[in-house]
Number of protein chains: 2
Amino acid sequence: MIFTRRIYQTNISLEEAFKIWLEFISAFKPLGPEEIPVVDSLGRVTAEAVQAKISSPFCHASAMDGYAVRFIETFGASETNPVRLKLHEQAVAVNTGDPIPTGFNAVIMIEEINLVDNCIEITEAVTPYKHIRPVGEDIVQTELILPENHVIRPVDIGAMLSGGNHKIMVRRKPVVTVIPTGNEIVEPGAPLKTGNIIDSNSYMIGNLVIQWGGEFRRTEVVQDNKELLKQKILDASVSSDLVVVLAGASAGTKDFTPNAVEDLGTVLVHGINIKPGKPVLLGSISNKPVIGLPGYPVAAHMTFEFFGRPLICRLLGIEPAEAETMKAMLSRHVASSIGHEEFLRVKVGKVGENFIATPVGRGAGALMTLQRADGIVQVPAMSEGIAAGTEIDVKLLRSKGEIENTVVCIGSHDNALDVLANYLKKKFPSYSMSSAHVGSMGGIMAIKKSEAHVAGTHLLDEQSGEYNIAYINKFLKDVPLKLINLAYREQGLIVRKGNPKNIKSIEDLMRDDVVFINRQPGSGTRLLTDKCLRDKNMARENINGYDKEEFTHMGIASAVMSGATDTGMGILTAAIALGLEFIPIANERYDLLIKKEHLGMPMLQALLQIITSDNEFRSSVLSLGGYGVSDMGKAVYEQ
Amino acid sequence: MIFTRRIYQTNISLEEAFKIWLEFISAFKPLGPEEIPVVDSLGRVTAEAVQAKISSPFCHASAMDGYAVRFIETFGASETNPVRLKLHEQAVAVNTGDPIPTGFNAVIMIEEINLVDNCIEITEAVTPYKHIRPVGEDIVQTELILPENHVIRPVDIGAMLSGGNHKIMVRRKPVVTVIPTGNEIVEPGAPLKTGNIIDSNSYMIGNLVIQWGGEFRRTEVVQDNKELLKQKILDASVSSDLVVVLAGASAGTKDFTPNAVEDLGTVLVHGINIKPGKPVLLGSISNKPVIGLPGYPVAAHMTFEFFGRPLICRLLGIEPAEAETMKAMLSRHVASSIGHEEFLRVKVGKVGENFIATPVGRGAGALMTLQRADGIVQVPAMSEGIAAGTEIDVKLLRSKGEIENTVVCIGSHDNALDVLANYLKKKFPSYSMSSAHVGSMGGIMAIKKSEAHVAGTHLLDEQSGEYNIAYINKFLKDVPLKLINLAYREQGLIVRKGNPKNIKSIEDLMRDDVVFINRQPGSGTRLLTDKCLRDKNMARENINGYDKEEFTHMGIASAVMSGATDTGMGILTAAIALGLEFIPIANERYDLLIKKEHLGMPMLQALLQIITSDNEFRSSVLSLGGYGVSDMGKAVYEQ
């Protein structure tokens, strides 16, 4: 087999690429109209102006429950000289909305009459047209109800129907065909073999299409075969308004998309200086737009927003809604390489009066970082980074209201936190909890800098043998706070099923045939490891893999399960979750640290209510295995 | 027939009603789950936590296009001492995402090697795991992907699929059955007889249900028959999660809803002290919620938001999204009666740096005022009104961005403005134009007070015979502005087809058998009428209907067409639109007044581009009839 690799054709800035793309798509007109019933038009876009065909009210109508009268016959009525009007002849009962009988020209409210001897008795004259809604009061025939290019809301449906329209012309939905490519790609739900990748991207991109008002179609997965791919792209370009090819646009050996598009039409852009999202392809086949998206999900999502969305909006005749933005303070320094425009995902939290943005993972493949992000921060191509404390603009992915109702938890990772996050949302749907896993010390520092409401921490003090309090005294002296126990948990060495390397104690880490994986500095688990090593006088240099780090217990367990490493320090729960074995080392206390000034916030009250008194939550944590909940919710320390 | 009328059972505040309702609905649990494919889950709500069933990546994978190697075999490589690794044996080509072959533990990027003699040549050693995405880097098996009660987005679909979920449990959609009632109610599209009302409310309410995530069902229109209505309500209460009865809840003779609900279950609230929306009914039938909505569309829409939305959200396990709010300055005094909490519809415009809120019509039936509103302002029950210039909180119905992109046009009404509004949206989808019709003088004052970008005006100066300029000199002296002609138009007396009263000139208004309808003071048309009367020495007191006022040309034409009045002064275009006849009185110039400081705004540039050079727009205006466009777009005056 001959490998043919490509070099990116272009490697231009996002701005240049966007200019080329906008010039290309500006030649497209909004799509032609299709006629649909008004009652089914929610969210569709008008393809022509909608005018009232009839007036509303359609005739003079009563504005009150009462009696229609001739105003001239009410003259002279007063308290001392009431006037009687004969029912049916001089006074006709009408309900709100009823048409005014011919010849009548005012309405008297039900509350203002007495019924006497088949008459109504009134004590006051009325003026002409009193309580009458004249024809056309709401909508006048021929009036413009909706302009062209208007996105239809429920109230518009009401107005169109009232104005006598029951069918209207709307824009046809832009058809977007998504073509997943690659021998390794399999359908969701299919059995997985090593190297398989589930085709999640098609459906993520397709549902963006649906969300933006288009119609999503998807072909079967196309194997790595250029001619087959060409045929699929060609077919799709005939039947769709936009063709999206997933993956295959970078410079790998099986990246046939650029060649295929070149053969069939024109490549406009290939390769853009952005992170994530470099290997994007923009092209045209017989004047139909084609977008080749990167295979990495975050890159695919972001670049489809950049290029797919404006096109779909253009075809619908609407403008993309501007994302909400806000100012926030960057919590830590972000380094960036000159030459790439970068789009950072950040978590945003409101702690005290400040909105704090904390960057999350930067990998193009890390979908969960996008899924959990609250916003995106743009780092210009010419920047070497952004200093901590800088005020930055954040393009929001969740509403400001949701962000304000989010408990920000920064610190050590624990599986029970996932359960807590779920219970908070389950029991109090208006609140969320977001966690960033930076280790126990990172949590304490986040509390110190007011970047978090809650820090999860399990820092063992070697002198006292106590957890956390010594560190609070050192770093958070004089800060009023409470330390609340979440759980006790078993720490130990996680090993593969059957313990093939026969690891029995911490001393086995010195063996040549054992590969260890460590936690990051500042984590309580790292401190525990280091304490064990010092207690046994073991030298770090002699441990294979001491310098290789993971950030979570599940990361450690995952690395062990995969066989990449033989053992690592972690909690029993993580071992149980992945069906691994465990050599116990310590039983430690895992606490939540909260400043007193935050304790009164309703969302923190809700969180504490779950921890202190929700038996269902307690059972869920116990069912994970490896937890002791005897002190759950107890304030173990306060100052 | 015996009329039986009801008095409202309760007449409580919105706050009290809301408290009773919340207490009632707080007993409802979120709806049970149904299993659906993840790929179809956009916008649905999770009914249980979604956890990763597998890790992603599923195995160690290459993070780059390049070659998988054993790091130990790269030791010692340098520029002066390159190392060669045999293809297939020591170096295996991998594309991004490919699994790392067993035994290999690092990847070298394609850019960093040379292919020589069936080998790759490298000049630098690599570290273990370089460019390898370890198993679980993105998602670790058992990790919480989504908590319960989460509204699913495209990125969530990607994450769930990547985590090995292809079916999930979501909340069943709450079923809402809407029952339209009343003998006068007809289906959209059915032929209309006098007194008929098109059932627009069912579909407006039903589409709110859809928008909020529920399932909308609708019964046929139920005639005014209590037993029939009871049966329909009972049936619906069995098959739905919420029953909505449209109209029939006020105190009219045919308002059977309260009795029906009382017979079947419990009336919780009947009658609330709010405007619009007083005759609301809240009830329970065998513990199924029932809402009786007012027949007036604005009242129905607003009260369904108050009471229907929280229930639907409760059943879905989510919180209603908070509406965006903003501060704005009230442009004119609003009077309010003590004892009713009132919800004012307002237009909001950004003129200069200020957001100005202008109240629009207040009738409960005026659906177009809600359809055109930008926001809602709450006037407390204990308030007698709000003074002009007060800063108020506006709950937005459109986004702030849309409001900022709206040309605010206040002044005289002209049908060509409707056409202009449509062309602006048609040609420049990001811009809108909103019009408030307060007469020419009102327009000039709005420009003076910086409440509008554009004022439409046609004020005849009796001395000079000129239009508009004398008034500008008087009220806007020293304000830099431009006066741009929109069109010339024919003013005259509008009469019914065949001119049954044989009206020939303005003098006929003095006849006893002729009923006139006037325009409001401050309108150019009123000035024209008054000038004609003075010219002919005609006394206002002798004109039937001089004191009855309409606010638009179409309103005048509509009143004439309905037979309520015989004639009124208006533009030829309005007469043509409704198929009426016309006696010409004057040919007047209708101009647009714009401050120079606003002329440079892109949205005003877009508007002027249409007026000055869009032939399609010009033709559309001409096709209305009654317009001269010889000076369209010409600056007739500037200062």
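**His88(A)**

I started at His88(A), which sits in the loop between strand 5 (83–86) and strand 6 (92–94) of chain A. I'm working from a predicted model here, so I kept that in mind throughout. I looked up the backbone and found a positive phi of about 70 degrees, although His88(A) is not a glycine. That caught my eye because most residues other than glycine have a negative phi. Buried or exposed? His88(A) is exposed, with a relative accessible area of 61%.

**Asn149(B)**

Next I pulled up Asn149(B), another non-glycine with a positive phi of about 70 degrees. I traced Asn149(B) to the loop between strand 11 (144–146) and helix 2 (154–162) of chain B. Its relative accessibility is 2%, so I noted Asn149(B) as buried.

**Cis peptides**

I then went through the peptide bonds, bearing in mind that most are trans. In chain A, I noted a cis bond joining Lys275(A) and Pro276(A), with omega about -10 degrees. Pro276(A) belongs to the loop between strand 19 (274–275) and strand 20 (281–285) of chain A. In chain B, Lys275(B) and Pro276(B) are joined by a cis bond, omega about -10 degrees. I placed Pro276(B) in the loop between strand 19 (274–275) and strand 20 (281–285) of chain B.

**Aromatics**

How many aromatic pairs does the structure hold over all chains? I got 20. I picked out Phe306(B) and Phe343(B): their ring centres are 4.9 Å apart and their planes are at 55 degrees, so I wrote this pair down as tilted. Phe306(B) is in helix 6 (residues 297–316) of chain B and Phe343(B) in strand 24 (residues 341–351) of chain B, so the pair ties together parts that are 37 residues apart in sequence. Both Phe306(B) and Phe343(B) are buried.

I also looked at Phe428(B) and Tyr431(B), a tilted pair at 6.3 Å centre to centre with 35 degrees between the planes. Phe428(B) is partly exposed at 22% relative accessible area, while Tyr431(B) is buried at 15%. The cut-off for buried is under 20%, so these two fall on opposite sides of it.

Over in chain A, I found one aromatic cluster formed by Phe18(A), Trp21(A), Phe24(A), Phe28(A), Phe306(A), Phe307(A) and Phe343(A).

**Negative patch**

Last stop was the surface charge. Which residues form the negative surface patch? I listed Glu79(A), Glu111(A), Glu112(A) and Glu124(A). I followed up on Glu124(A), which is in the loop between strand 9 (119–122) and strand 10 (132–133) of chain A. Glu124(A) is exposed, with a relative accessible area of 56%.

How values were computed. Residues numbered from 1 in each chain as written. Chains lettered and ligands numbered in written order. Predicted model: local features only at pLDDT ≥ 70, side-chain atom pairs only at ≥ 80, totals over all residues. Heavy atoms only, no water. Patch = residues over 30% accessible without salt bridge, like charges linked within 9 Å, V, L, I, M, F, W, Y side chains within 5 Å. Areas by Shrake-Rupley, 256 points an atom, 1.4 Å probe, with all protein chains shown as cover. Salt bridge = Lys/Arg side-chain N within 4 Å of Asp/Glu carboxyl O. Lys, Arg positive; Asp, Glu negative; His and termini not counted. Charge placed at Lys NZ, Arg CZ, Asp CG, Glu CD. Helix = DSSP H or I, 4+ residues; strand = E, 2+ residues; numbered from the N terminus. Buried < 20%, exposed > 50% of the residue type's maximum accessible area, 1.4 Å probe, protein only. Phe/Tyr/Trp six-rings, centres within 6.5 Å; stacked < 30°, edge-to-face > 60°.
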